[in-house]
Amino acid sequence: MKKVFATAGVVTVSFSLAACGGSDNAASATDGALAGAEIVVGSKDFDEQLVLGNITKLALENAGATVDDQINLGGTDAARAALISGDIDTYWEYNGTAWISFFGETEAIPDRIEQYEAVRDRDLEENQLVWMQPAEFNNTYALAFPTAAAEELGNPTKLSDLAGLVADDPDAATVCVENEFSTRDDGLPGLEEAYGIEFPDDNVTVLDTALVYTAAAAQDPCNFGEVFTSDGRVASLDLTVLEDDKGFFPLYNPSPVFREEVYEEYGDQLDEIFDPISAALTQEEMTMLNERVSVDLEQPADVAEDWLTEQGLL
């Protein structure tokens, strides 16, 4: 069996539009366009999602809405179930997650706009959910290792190199992953199948998300760790990301996703609020926001408020 390390009590501090100015948009967001609206905002439970959830909460409140804060619901399944059931009205979801995990597709769509449109159209038809304009940044999965350990590990540069490491030096082919990644079709099982890799069971350790990064950086108990490419800890811990040379992982551009009945009532106002937010969330910006939470240990709500203000969106 795969090893599972319980880490109760650990706080997880771990996800093409042209950028545009915020002056006109800021004005529209402060005129009370959503006065009287009551909107329930959720999110998943890792740092990037906590930032995105707070961005949503603050932007809606700034437009006059009353917000029921359900940020930090749990993993993907919990957030998606809450949206489908109507327990929440919105959260940010990743189009790659929808395509692979929700819809059961096995082939990723490499074009970011085509991927978004395929998910947008299908989720609206099947689940009455509206995917708004996607952010530019891509919070895809990856495996990474300490840059200083490159020679020791055979100088791997791409995921396909791991097949040789498993065959030649299986004791070195150790990997730490979070629980969700260990079971998802777009996680470890799918990766092993796509690349013809079979990590020995004892070589896979399941940890809380935040601990995967430090465990890989320390090479204890693993040499490789599952990471998110927009996470600030990749650079701060000097981790090298392996190239997904077979293009297994889909694009993970996130969108605010609203229940259709909410969007039908407030769609024009929501577009004015969230389109410039999505446009401003570049890879560089989201990585910086994540680093402030995951590395500098700032509060997600404070980081969200600072960023919205700096962008002229609050």
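Tutor: Let us start with one link. The link of C176 and C222 is left-handed, with -110° about the S-S bond. Keep in mind that this is a predicted model.

Student: What is a disulfide?

Tutor: In general, it is a covalent bond between the sulfur atoms of two cysteines. Here, C176 and C222 are joined in this way, with 2.1 Å from S to S. The count for the structure is 1 disulfide.

Student: Which parts of the chain does the pair link?

Tutor: Distant ones. C176 sits in strand β7, residues 175–177. C222 sits in the loop between α8 (209–218) and β9 (224–228). The two are 46 residues apart.

Student: Are C176 and C222 buried or exposed?

Tutor: Both C176 and C222 are buried.

Student: Next, β9. How many of its residues are buried?

Tutor: 5 of the 5 residues in β9 are buried, and the strand is mostly covered. Now look at the directions. F224, E226 and F228 point one way from β9. G225 and V227 point the other way.

Student: Which strands does β9 join, and how do they run?

Tutor: Take β6 to begin with, residues 141–146. Strands β6 and β9 run antiparallel, joined by 4 bridges. A142 in that pairing stands opposite V227 of β9. Then take β7. Strands β7 and β9 run parallel, with 2 bridges between them. V175 is opposite F224 of β9.

Student: How is a pair of aromatic rings described?

Tutor: By two values: the distance of the centres and the angle of the planes. This structure has 9 aromatic pairs. One of them is F181 with F249, at 6.3 Å centre to centre and 40° between the planes. That pair is tilted.

Student: What does the pair of F181 and F249 tie together?

Tutor: F181 lies in the loop between β7 and α7 (188–195), and F249 lies in the loop between β10 and β11, so the pair ties together parts 68 residues apart in sequence. F181 has 0% relative accessibility and counts as buried. F249 is buried too, at 9% relative accessible area.

Student: Which residues form the aromatic cluster with F181 and F249?

Tutor: F46, Y141, F228, F248 and Y252 join F181 and F249 in one cluster. You have met F228 already, as a residue of β9.

Student: Where do nonpolar side chains tend to be in soluble globular proteins?

Tutor: They tend to be buried together. The largest nonpolar core here has 72 residues. Inside that core, I277 and L281 have the most contacts. A second, separate core has 16 residues, among them A79, A82, A98 and V119.

Student: Which residues is L281 in contact with, beyond its neighbours within four places in sequence?

Tutor: L52, W92, A135, E136, F137, M286, L289 and W307.

Student: Last case: N253. Where does N253 lie?

Tutor: In the loop between β10 (239–241) and β11 (254–259). N253 counts as buried because its relative accessibility is 2%, and the cut-off is under 20%.

Student: What does the side chain of N253 reach?

Tutor: The backbone oxygen of F137, at 2.9 Å. A polar atom of the N253 side chain also lies 3.1 Å from the backbone oxygen of E136. Beyond its neighbours within four places in sequence, N253 has further contacts, including E93, Y94, N95 and R112.

Student: How far is N253 from S278 in space, C-alpha to C-alpha?

Tutor: They are 9.9 Å apart, with their positions 25 residues apart in sequence as the separation.

Note on methods:
Residues are numbered from 1 along each chain as its sequence is written. This is a predicted model: local features need pLDDT of at least 70, side-chain atom pairs count only at pLDDT 80 or more; totals for chains, interfaces and linings use all residues. Side-chain values use heavy atoms; hydrogens and water are left out. A disulfide is a pair of cysteine sulfur atoms within 2.5 Å. Buried means under 20% relative accessible area, exposed over 50%, partly exposed in between (1.4 Å probe, protein chains only). Contact means heavy atoms within 4.5 Å. A polar contact is a pair of N or O atoms within 3.5 Å; within protein, one must be able to donate a hydrogen and the other to accept it, and residues adjacent in sequence count only if both atoms are side-chain atoms. Two strands pair if DSSP finds at least two bridges between them. A nonpolar core is a set of buried Ala, Val, Leu, Ile, Met, Phe, Trp, Tyr and Cys residues joined through side-chain atoms within 4.5 Å. Rings of Phe, Tyr and Trp (its six-membered ring) pair if their centres lie within 6.5 Å; planes under 30 degrees apart count as stacked, over 60 as edge-to-face and the rest as tilted.
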